[in-house]
Amino acid sequence: MLICDLHCDLPDKILDGASLNDKACHWSLSKLKPENTYVQTFAHFVDARKHPDAFARVDAMLKNFKEKLTQTELGLVLTEADLEENIQAGKSSAVLSIEGGEALDGKIENVQYFYDLGIRFLTLTWSLQNDICESCVSGNAPLTDFGKAVVREMNRLHMTPDVSHMCEQGFWS
């Protein structure tokens, strides 16, 4: 059976000392059933209230998590072909995302930077207003000019903008 989950907040726990086999985490290699093939999106989430330098935290989290992935049987998905190949082989897959545009640090070039490190989804906001947009709990305004530039750059790179926490006006702008 193919099982896909588009959101798992594990990379920050791994950076803080948990392991990919930690049964106390919501997701764990040890919980996967061998008869299934999994596609798991791992969200690199930073609470900007706890970590004001979100770029540095996500950068460290991402590099650490990718290094841990190399010690597993999970196949990192960078292209549609990678995903199709993994599924055909019955190999479980890891897709990388960032939850919260704060990680871009207000710099459009950081979209490309994180893409080059393997990020394929970016949740534009979580629960706080940022340089891109308002969240569904912080207000209700359209995408900022920077936010529109971020979405254009993501489209150019074939990255997926995740709008799940965005306010309604931001979604429709």
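Guide: Angles between helix axes that are under 35 degrees count as roughly parallel, and those over 145 as roughly antiparallel. The model discussed here is a predicted one.

Visitor: Why are α2 and α4 called roughly parallel to each other?

Guide: The axes of α2 and α4, the latter being the helix of residues 109–116, make an angle of about 15° and lie 11 Å apart. That angle falls under the limit of 35 degrees, and α2 and α4 are therefore described as roughly parallel to each other. As for the hand of the crossing, α2 passes α4 in a left-handed manner.

Visitor: Which residues make the contact of α2 and α4?

Guide: On the side of α2 these are Phe55, Val58, Asp59, Leu62 and Lys63, while α4 brings Asn110, Tyr113 and Phe114. Sorted by class, this contact has 5 nonpolar, 1 polar and 2 charged residues. Tyr is counted as nonpolar under the scheme used, and Tyr113 of α4 is one of the residues in the contact.

Visitor: What describes the crossing of α4 and α5, in angle and in the approach of their axes?

Guide: The axes of α4 and helix α5, which spans residues 145–157, come within 9 Å and cross at roughly 35°. In this case α4 passes α5 in a right-handed crossing. Val111, Gln112 and Tyr115 of α4 meet Val150, Glu153, Met154, Arg156 and Leu157 of α5, and by class the residues of this contact divide into 5 nonpolar, 1 polar and 2 charged.

Visitor: What makes an empty space a cavity, rather than a pocket?

Guide: A cavity is a set of points where a 1.4 Å probe fits but cannot get out, whereas a pocket is an open set. With a threshold of 30 Å³ or more, the count comes to 1 cavity, and the largest cavity holds about 30 Å³ of space.

Visitor: Which residues line the largest cavity?

Guide: The lining consists of His44, Val46, Ala54, Val58, Ile98, Glu99, Gly100, Glu102 and Ala103. At least two of the lining residues come from each of α2 (54–69) and β4 (93–99), and the classes are 5 nonpolar, 2 polar and 2 charged. Val58 belongs to this lining and also to the contact that α2 makes with α4.

Visitor: How many residues line the largest pocket, and which of them lie nearest its centre?

Guide: There are 15 lining residues, and Val77, Leu78, Thr79, Glu80 and Arg120 are those nearest the centre. The space in this pocket is about 250 Å³, and β2 (37–45), α3 (80–89) and β5 (119–123) each supply at least two residues of the lining. By class, the lining has 9 nonpolar, 4 polar and 2 charged residues.

Visitor: Which residues line the second largest pocket?

Guide: About 190 Å³ of space lies in that pocket, and its lining includes Leu29, Leu32, Lys33, Pro34, Glu73 and Lys91. The lining residues divide into 5 nonpolar, 3 polar and 3 charged. Gly counts as polar in this scheme, and Gly90 is one of the residues of this lining.

Technical notes. Residues are numbered from 1 along each chain as its sequence is written. This is a predicted model: local features need pLDDT of at least 70, side-chain atom pairs count only at pLDDT 80 or more; totals for chains, interfaces and linings use all residues. Side-chain values use heavy atoms; hydrogens and water are left out. On a 1 Å grid over the protein atoms alone, a cavity is a set of points where a 1.4 Å probe fits but cannot get out, and a pocket is an open set with protein on both sides within 12 Å along at least five of seven lines; lining residues have an atom within 4 Å of a point. Grid points are joined across faces, edges and corners, and a volume is the space filled by probe spheres set on the points. Helices (H or I, at least four residues) and strands (E, at least two) are DSSP runs, numbered from the N terminus. Axes are lines fitted to C-alpha atoms, for helices over the stretch in contact, and angles run from 0 to 180 degrees between N-to-C directions. Angles under 35 degrees count as roughly parallel, over 145 as roughly antiparallel, 65 to 115 as roughly perpendicular and the rest as oblique. A crossing is left-handed if the near helix is turned anticlockwise from the far one by less than a right angle, and right-handed if clockwise. Contact means heavy atoms within 4.5 Å.
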